[in-house]
Amino acid sequence: MGHWMLKIFAGAMVLVGLVLAVNPELLGDRPLPSDPYEAIERRVTWGKVVGLGLVPLFHFSLRPWMPTIAATLSSLVAGYLVTRLIGIALDGSVAKQWMYAGIELLLLLPLVWWYLRTRT
């Protein structure tokens with residue numbers, strides 16, 4: 001019973017993170033900055049919620065530790081990457097944001113490889 005409840009909670013976290021990345025003004029009264037770079041950065045802050053929600057959707061145990069660390073790091077990077085791409089799509093293309101997205105993608109590839117290599 002607990003396993004599917006965790007998956008529901010994790011899915012809800014991902015959904016909430018994505019909704020808040022699309023519309024960060026739902027929480028708080030600060031308007032979205034007019035500068036596209038700053039607006040994207042505000043959206044990206046919800047990437048950690050998306051990333052932490054992704055972990056229990058595909059990784060199910062704490063031990064052994066190495067796959068858990070790899071799953072957590074790859075999920076966080078994926079969450080930041082997804083929310084950054086949402087920001088780029090909604091706020092406009094900014095060269096520095098594309099550079100960050102490229103760096104996140106380059107980080108994500110070895111982290112996923114590490115996870116796939118260490119999981120049992």
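Modeller: Before we start, contact here means heavy atoms within 4.5 Å. And keep in mind that this is a predicted model.

Colleague: Fine. What share of the contacts with a separation of 6 or more comes from residues 24 or more positions apart?

Modeller: That share is 69%.

Colleague: And what makes up the chain, in terms of helices and strands?

Modeller: Five helices and zero strands. Read from the N terminus, the order is α-α-α-α-α. The C-alpha atoms fit in a box of roughly 45 × 30 × 15 Å along the principal axes.

Colleague: Why is Thr-68 called buried?

Modeller: Thr-68 has a relative accessibility of 10%. Buried means under 20%, so a residue at that value qualifies. Thr-68 sits in helix H4, and beyond its neighbours within four places in sequence it touches His-59, Ser-61, Leu-62 and Arg-63.

Colleague: Then why is Ala-95 called exposed?

Modeller: Its relative accessible area is 67%. The exposed label needs over 50%, so Ala-95 gets it. Ala-95 belongs to helix H5. From Ala-95 to Ala-10 the C-alpha distance is 32 Å, with their positions 85 residues apart in sequence.

Colleague: What about Gly-102: why is that one called partly exposed?

Modeller: Gly-102, also an H5 residue, comes out at 29% relative accessibility. Under 20% would be buried and over 50% exposed, so 29% lands in between and the label is partly exposed. The C-alpha atoms of Gly-102 and Thr-118 are 25 Å apart, for 16 residues along the chain.

Colleague: How do you know that Arg-119 counts as partly exposed?

Modeller: By the cut-offs again: Arg-119 has 46% relative accessibility, which lies between 20% and 50%, so partly exposed is the label. Arg-119 is in the segment after H5. Arg-119 and Val-77 are 42 residues apart along the chain, and their C-alpha atoms are 18 Å apart.

Colleague: Val-77, good. Which residues make up the largest nonpolar core?

Modeller: Six of them: Val-77, Ala-78, Leu-81, Ala-101, Leu-108 and Leu-111. H4 (65–91) and H5 (95–118) each put in at least two.

Colleague: What makes that set a nonpolar core?

Modeller: Such a core takes buried residues of kinds that include Ala, Val and Leu, joined through side-chain atoms within 4.5 Å. The six here are Val, Ala and Leu residues, so they are of the right kinds, and they are listed as one core. Ala-78, for one, is in contact with Leu-54 and Leu-108, leaving aside neighbours within four places.

Colleague: How do you know that H4 is close to its expected reach?

Modeller: H4 has 27 residues, and at 1.5 Å a residue the expected value is 39 Å. From first C-alpha to last, H4 reaches 38 Å, which is close to that. Just after H4, Gly-92 has a positive phi of about 110 degrees.

Colleague: Which residues of H2 are buried, and what covers them?

Modeller: In H2 (36–44) the buried ones are Ala-39, Ile-40, Arg-42, Arg-43 and Val-44. Their cover includes H1 (2–22), H3 (47–58), H4 and H5.

Colleague: And over the whole chain, how much is buried?

Modeller: 33% of the 120 residues. The chain exposes about 7200 Å², of which carbon and sulfur atoms supply 74%.

Colleague: How many side chains are positive, and how many negative?

Modeller: 10 positive and 7 negative, with the centres of the two sets 16 Å apart.

Conventions
Residues are numbered from 1 along each chain as its sequence is written. This is a predicted model: local features need pLDDT of at least 70, side-chain atom pairs count only at pLDDT 80 or more; totals for chains, interfaces and linings use all residues. Side-chain values use heavy atoms; hydrogens and water are left out. Buried means under 20% relative accessible area, exposed over 50%, partly exposed in between (1.4 Å probe, protein chains only). Helices (H or I, at least four residues) and strands (E, at least two) are DSSP runs, numbered from the N terminus. The expected span of a helix is 1.5 Å times one less than its number of residues. Accessible areas come from the Shrake-Rupley method with a 1.4 Å probe; for residues, only the protein chains shown count as cover. Lys and Arg count as positive and Asp and Glu as negative; His and the chain ends are not counted. The place of a charge is taken as NZ of Lys, CZ of Arg, CG of Asp or CD of Glu.
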